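Reader: I'd like to learn how to read a fold like this one. Could you walk me through it?

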Amino acid sequence: MTVDLIALLARARETGDASVLLDAIPYARFLGLSIRNEGGSPIASMQFAEHLVGDATIPALHGGTLAALLESTAILAVMIDPKTNAMPRTITITIDYLRSGRAQRTDCRARVVRQGRRVAVVATEAYQDDVDKSVVTAIVHLFVVE
Amino acid sequence: MTSEYTPEMLARMNAMIRDLVPQNAALGLEIVRLTGGDVWIRLPWAEQLVGNPETGALHGGAISTAMDAAGGLSVMAKLGRPGSIATLDLRIDYMRAGGRGEDIVIHATCYKATKHVCFVRGFAYTTDENDPVAALAATFARKS
């Protein structure tokens with residue numbers, strides 16, 4: 001499979017629609033990710049699906065799938081910044097679990113805390129019904145050099 | 001504790017972790033070795049888990065999920081029984097990406113279990129444990 005991610009990135013910026021990037025990434029489809037724009041900031045959503053469950057008795061989302069949502073949102077937030085000209089790569093993700101993720105859609109917002117020449121630092125929060133009640137938060141350090 | 005699980009015990013454990021955790025089944029996670037507070041699990045390479053379609057590298061999220069699962073299993077290995085635990089925090093450092101077709105193996109160690117909190121370290125690698133793909137530090141709360 002040949003996919004030119006940088007070309008897709010250019011198209012995503014032109015159209016202001018990052019979903020062309022998500023469509024090209026198999027794991028984003030596995031998670032059921034979508035993205036929308038709210039006041040200039042990207043909000044990513046992970047649709048609920050049975051295969052994302054980590055504890056079938058509650059049922060609750062697997063903590064790893066929530067981590068994946070946070071990491072993906074951080075990467076998208078940096079990618080759509082016009083200063084970025086390489087595919088961001090994760091250096092470190094530090095995740096704090098605050099509540100269990102219920103069997104429903106989870107939204108995630110990201111704030112680029114610092115965009116340097118080599119490293120970007122992004123703060124992300126995932127929530128369900130109440131935007132002020134985070135389920136999981138993470139700080140993500142990304143390498144932004146080719 | 002250095003009790004090594006036999007292949008029969010591992011087969012039962014693998015059936016259990018897939019039945020109770022649908023995400024483990026979706027990822028195809030498999031415990032390959034379990035002894036004392038140490039666990040080795042395999043995340044098989046799969047097209048649907050690819051994060052970079054140019055290189056075929058698995059997405060960090062799939063590796064994070066396998067790291068979380070391995071951490072939880074190392075706690076149960078340390079305690080010597082299944083129990084209700086919750087991840088408090090997880091830090092993952094990525095050293096390099098895996099390649100197309102390369103399975104990831106995670107070795108997680110629960111090096112300390114207190115009454116309420118368990119402490120875990122781990123590494124993800126492809127073929128050589130001394131050439132890690134990612135490193136893990138995590139804490140888990142014991143709920144029962």
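Reader: Let's start with α3(B): how many of its 20 residues are buried?

Author: Keep in mind that this is a predicted model. To call a residue buried, we ask for 20 or more other C-beta atoms within 10 Å of its own. In α3(B), 19 of the 20 residues pass, so the helix is largely enclosed by the rest of the structure.

Reader: What does α3(B) pack on?

Author: The sheet. Helix α3 of chain B, residues 60-79, touches β5 of chain A as well as β1, β2, β5, β6, β7 and β8 of chain B. Its direction makes about 40 degrees with that of β6(B).

Reader: And how do I check the length of α3(B)?

Author: Count 1.5 Å a residue: the 20 residues should span 28 Å, and the end C-alpha atoms are 29 Å apart, which agrees. Right after α3(B) comes B:Gly80, with a positive phi near 80 degrees.

Reader: Now the sheet: in what order do its twelve strands run?

Author: Read across, it goes β1(A)-β2(A)-β6(A)-β7(A)-β8(A)-β5(A)-β5(B)-β8(B)-β7(B)-β6(B)-β2(B)-β1(B), an open sheet with antiparallel pairing. β1 of chain A and β1 of chain B stand at the edges with a single partner strand each, so one side of each has no neighbour in the sheet. On average, neighbouring strands are turned by 20 degrees against each other, direction ignored.

Reader: How many bridges join β1(A) and β2(A)?

Author: Six, in the antiparallel sense. For a concrete pair, look at A:Ser34, which stands opposite A:Ser45 in β2(A).

Note on methods: Residues are numbered from 1 along each chain as its sequence is written. Chains are lettered from A and ligands numbered from 1 in the order in which they are written. This is a predicted model: local features need pLDDT of at least 70, side-chain atom pairs count only at pLDDT 80 or more; totals for chains, interfaces and linings use all residues. Two strands pair if DSSP finds at least two bridges between them. Helices (H or I, at least four residues) and strands (E, at least two) are DSSP runs, numbered from the N terminus. Axes are lines fitted to C-alpha atoms, for helices over the stretch in contact, and angles run from 0 to 180 degrees between N-to-C directions. Two residues are in contact if their C-beta atoms, placed from the backbone, lie within 7 Å. The expected span of a helix is 1.5 Å times one less than its number of residues. A residue is buried if 20 or more other C-beta atoms lie within 10 Å of its own, exposed if 12 or fewer, and partly exposed in between; C-beta atoms are placed from the backbone.
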